[in-house]
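Dear colleague,

I am handing over the structure below, together with a short account of what I found when going through it. Please read the notes with the model open beside you.

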Amino acid sequence: MAELIRLWRRRRADNFQMQLRYWNLIGKNSGLMFVLYAAVIIGGFYYKRWLDVLPQAFPAALAVTAVLSVPAVRSPIRTFMQPADKVFLLPVEAELGGYFRMSRMYSFIFQSLFLIFFLLICAPLYAKSSAGAASYWIVAAAAIAVKGWNIDCRWQEQSIDGTVPLKIIRFGFSFLFLYGFAGGLNLAVPAVCAAAMLLSSIFLFRRPSGRSLLKWDRVIDMDNKQEMQFLRFANLFTDVPRLRHRVKARRLISALFPVRSFDEESVYRQLFIKTFLRADDYFGIYLRLTAIGALVCFFVNNGYYTALATAAFVYLTGLQLLPLWYHPFPQALAGLYPIAGRLRRRSFLKLIFSLFALQSLIMSLAGALGSRSPIGFLLFLAAGMAAGWLFTVAYTKQRLEKEDVR
């Protein structure tokens, strides 16, 4: 047992050192920090303006509960397990109780800190429209308790087949328990909900898991996903050798971009398009940033700030798309085709600039609708296109050419 505890602590220390090195590199990226500072300042300003015009009838308690329920229910457990553990630790599975207990405690502490961040964001909204409801400290304590319950239930799920209904039950009980306090309901509501949570924990989670064996593949995959999320983020700023790439079929979307030509100008353009659509999560990140940027531009309702937001989201999207150039699939074929390097660079630059242009158009339309200003549409579009052109030509092109010279 003591050796397994030391193994957990060593793996935790190794993971901490690895992340610390990457955070050091990320912190040196002043461009990203500037965008984050600007987002915090502008977001805080407009958050306050939104609260000032918020009607008394707004369901603030329901909104706060919905926001808090997501990080409270989502409870992946960081076990630091590795694929080889299926062979070397399987014989001592019965002695891994302390190892996994420390993993659950570690996950609870760090995810509670993340939950506190959401609690701080929701505090002004709750204070603005929660007359007569419970103290926010009670809501915060309830959210932390819900997080602990979800951590325990999520671990029991690692030995149970068919966990989708259990996830729905966890979300339903968590939402109702939090809303019982945030909405100022009768104390009988959260009391009954707490009793139901306790009974479900015993009869729906612990008993079935006690009759089953641990799903090692599921545990390792859960830990791997968490590690890959951080490594993909770090890969935006530096090369990450440990990053493992994934490919998704996405047949419906890929069918819209079939291979139409085999001439020199088209080869790498088609390769980069296919890689963007199917590899890792480039396409998903692009859609999410575009959707968030459109919402921000719609609600800002200030010409210059909307233009700044458009340019900022284009810049953030560029940071996310830049690793596409280094993806192993196009790079592995670089020496296979007798095509000049300049054509490969040109194909990549055309692709990302086209994506910037489309994103700028969508966000500019959202900003124009929010501000009801046709002239504003031209301003927002110009800001987004300018940011896209600077990122493509002044930054990405120069960077790629310097790397080719080396």
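**What was found**

Leu349 has a relative accessibility of 12%, and because buried means under 20%, this residue counts as buried. Leu349 belongs to helix 15, which covers residues 341–371. Its C-alpha lies 7.8 Å from that of Thr396, although the two residues are 47 positions apart in the sequence.

Please keep in mind that this is a predicted model. The mean pLDDT of the protein is 84, with 85% of the residues reaching 70 or more. Confidence varies among the elements, however: helix 6 (residues 136–157) has the highest mean pLDDT, at 95, whereas helix 14 (residues 328–332) has the lowest, at 56.

I also looked at helix 5, which has 32 residues and spans 45 Å from its first C-alpha to its last, a value close to the 46 Å expected at 1.5 Å a residue. Within helix 5 there is a kink of about 40° at Cys122, shortly before the proline Pro124.

Ile116 is found in helix 5 too, which runs over residues 97–128. With a relative accessibility of 37%, Ile116 counts as partly exposed, because this value falls between the 20% limit for buried and the 50% limit for exposed residues. Ile116 contributes to a nonpolar surface patch of about 610 Å², which is made by this residue together with Met105, Ile109, Phe110, Leu113 and Leu120.

With best regards

Conventions
Residues are numbered from 1 along each chain as its sequence is written. This is a predicted model: local features need pLDDT of at least 70, side-chain atom pairs count only at pLDDT 80 or more; totals for chains, interfaces and linings use all residues. Side-chain values use heavy atoms; hydrogens and water are left out. Patches are made of residues with over 30% relative accessible area and no salt bridge: like charges are joined within 9 Å, nonpolar side chains (Val, Leu, Ile, Met, Phe, Trp, Tyr) within 5 Å. Accessible areas come from the Shrake-Rupley method with a 1.4 Å probe; for residues, only the protein chains shown count as cover. A salt bridge is a side-chain nitrogen of Lys or Arg within 4 Å of a carboxyl oxygen of Asp or Glu. Helices (H or I, at least four residues) and strands (E, at least two) are DSSP runs, numbered from the N terminus. Buried means under 20% relative accessible area, exposed over 50%, partly exposed in between (1.4 Å probe, protein chains only). The expected span of a helix is 1.5 Å times one less than its number of residues. The bend at a residue is the angle between axes fitted to the seven residues ending there and the seven starting there. pLDDT is the predictor's confidence in each residue, from 0 to 100.
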